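Biologist: Hello! I have a structure to learn from, and I would like to ask how its labels are earned. Could you take me through it?

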Amino acid sequence: MVNEILKGLSQQPKSISSKFLYDEQGSRIFEKITQMPSYYLYDSEYEILKEYGSRIWSALPFESKFSLVEFGAGDGSKTIQLLKQLPHHTYLDEYIPVDISEEANKTLAVQVEKMIPHMPVEPIQGNYLENMKQLIPQDRPILLMYLGSNIGNFQKDQIRKIIMDFGQNLKKGDALLMGFDLKKNPLTIRQAYDDPDGITRSFNLNLLTRFNRELEADFDLDNFDFYSYYHPCSGEVRSYLVSLTDQEVFFKSSNQSVRFYKDELVHTEISKKFDFEEMEVLLNQSGFMVMDKWTDSNGYFTDVLAVVK
Ligand code: TRP
């Protein structure tokens, strides 16, 4: 962990991988973000799955038993909403949630097993980008789920590569159900990513608290602030920490220090918004054909069902 962080902080421009946002405290603050009225993402996708869940199941192309693999399952509260609407006679016979958080995986497995007692749940703790091949079984039909605009948290060429990898690791006839946050009024997006109560700010500053604790760093939180902006053409929200002064931070655990200049930015997250055409092109280029898509009543978010050609 420390090497990856020091590497990001020694580059120009500085960055910290967004996966470090989600320690215990960070996950708690993120949950608060998902409950903010202005953070429309969670509610929009929840509405889609609640409203169209049974239509999603019946739109699947399978005619024999299949497994559901979910990348970045998290606490699975949206997936549970979808599973609640699983038809009685379904070919789904196994659920494999994959997440880097072992804690989230366990809670999810217990909940699903309680809800659907006959369905085996086989959670896997791991990084789905590094081990994609091993995580997608090759001996049966697969529905791969990648919800929640997870894909939006990657850079442009990574996005292309991930969807390409999905296409390569799935077989002909396998399905992908994927969430995309849509381009919309930029003011709506700005409010989702920079709230007046400072919850998003504390979510980002928590990175520094975490490094102070886990890496024995000496960040002074009063010397950093949070800034984010949305660019309506690229569709990208970019979030940053801002160094408010010239300063040097010492990482005791590795006996190294990092200099920050006044007004220097540290990039923490990218949250990309898409339009339909862009999504369709990405999926087509990776060997998929879009079968169907469902959108919430505000037109903010979409879940797309695509099948490997
Ligand atoms: N990664 C999530 C998203 O893009 C969570 C998030 C919300 C976030 N607001 C943020 C991450 C601000 C970093 C900075 O929606």
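**Reading the labels**

Biologist: What does the UniProt record list for residues 3-306?

Modeller: An unreviewed UniProt entry lists residues 3-306 as "domain: Histidine-specific methyltransferase SAM-dependent". Please keep in mind that what we have here is a predicted model. Over residues 3-306 the chain is 37% helix and 26% strand, and the end C-alpha atoms lie 38 Å apart.

Biologist: Let us start with the strands. What makes S4 and S12 edge strands?

Modeller: Picture an open sheet of seven strands with mixed pairing, in the order S4-S3-S2-S5-S6-S13-S12. Strand S4 (124-125) and strand S12 (288-295) each pair on one side only, and that makes them the edge strands.

Biologist: How do you know that S12 and S13 are paired?

Modeller: Two strands pair if there are at least two bridges between them. S12 and strand S13 (residues 301-308) are joined by seven bridges and run antiparallel, so they count as a pair. Within this pairing, Val 290 stands opposite Ala 306 of S13.

Modeller: A helix belongs in this picture too. Helix H5 (residues 102-115) packs on the sheet and touches strand S3 (92-99) and S4. The direction of H5 makes about 160 degrees with that of S3.

Biologist: What makes the length of helix H2 close to what is expected?

Modeller: H2 (residues 24-35) has twelve residues, and its first and last C-alpha atoms are 17 Å apart. At 1.5 Å a residue the expected value is 16 Å, so the two are close.

Biologist: Why are the buried residues of H2 said to line one face of the helix?

Modeller: First, who are they? Gly 26, Ile 29, Ile 33 and Thr 34 are the buried residues of H2. Looking down the axis of H2, you find these buried residues within an arc of 150 degrees, so they line one face. They pack against helix H3 (40-59) and helix H9 (199-214). The face turned away from that buried side carries Glu 24 and Gln 35, which are exposed.

Biologist: Why is strand S8 called mostly covered?

Modeller: A residue is buried when its relative accessible area is under 20%. In S8 (residues 236-243), eight of the eight residues are buried. Both faces are covered: Glu 236, Arg 238, Tyr 240 and Val 242 are on one side, with Val 237, Ser 239, Leu 241 and Ser 243 on the other.

Biologist: Which strands pair with S8, and how do you know?

Modeller: We count bridges again, and at least two are needed. Strand S7 (residues 224-231) is joined to S8 by eight bridges, and the two run antiparallel. Phe 226, for example, has Leu 241 in S8 as its bridge partner. S8 also pairs with strand S11 (residues 265-272) in the antiparallel sense, over seven bridges. There, the bridge partner of Ser 239 is Glu 269 in S11.

Modeller: The hairpin of S7 and S8 has four residues between the strands, and Gly 235 takes a positive phi near 80 degrees there.

Biologist: What makes Asn 255 worth comparing with that glycine?

Modeller: Asn 255 has a positive phi of about 55 degrees although it is not a glycine. This residue is in the loop between S9 and S10. Strand S9 (residues 247-251) and strand S10 (residues 256-260) are antiparallel and joined by five bridges, with Val 249 opposite Val 258 in S10.

Biologist: Why is Asn 255 called exposed?

Modeller: Exposed means over 50% relative accessible area. Asn 255 has 59%, so it is exposed.

Modeller: Asp 263 is another residue other than glycine with a positive phi, near 75 degrees. Asp 263 sits in the loop between S10 and S11.

Biologist: Ser 149 is in a loop too, between strand S5 (142-146) and helix H7 (156-169). Why does Ser 149 count as buried or exposed?

Modeller: The cut-off for buried is under 20%. Ser 149 has 5% relative accessibility, so it counts as buried. Among the residues Ser 149 touches are Leu 41, Gly 179 and Phe 301.

Biologist: One last label: what is the peptide bond from Gln 12 to Pro 13, cis or trans?

Modeller: That bond is cis, with omega near -5 degrees. Pro 13 lies in the loop between helix H1 (2-10) and strand S1 (14-15).

Key. Residues numbered from 1 in each chain as written. Predicted model: local features only at pLDDT ≥ 70, side-chain atom pairs only at ≥ 80, totals over all residues. Heavy atoms only, no water. Contact = heavy atoms within 4.5 Å. Axes fitted to C-alpha atoms, helices over the stretch in contact; angles between N-to-C directions. UniProt positions renumbered as here; feature names shortened; annotations may be inferred. Buried < 20%, exposed > 50% of the residue type's maximum accessible area, 1.4 Å probe, protein only. Arc of directions from axis to C-beta. Lists of a residue's contacts leave out its neighbours within four places in sequence.
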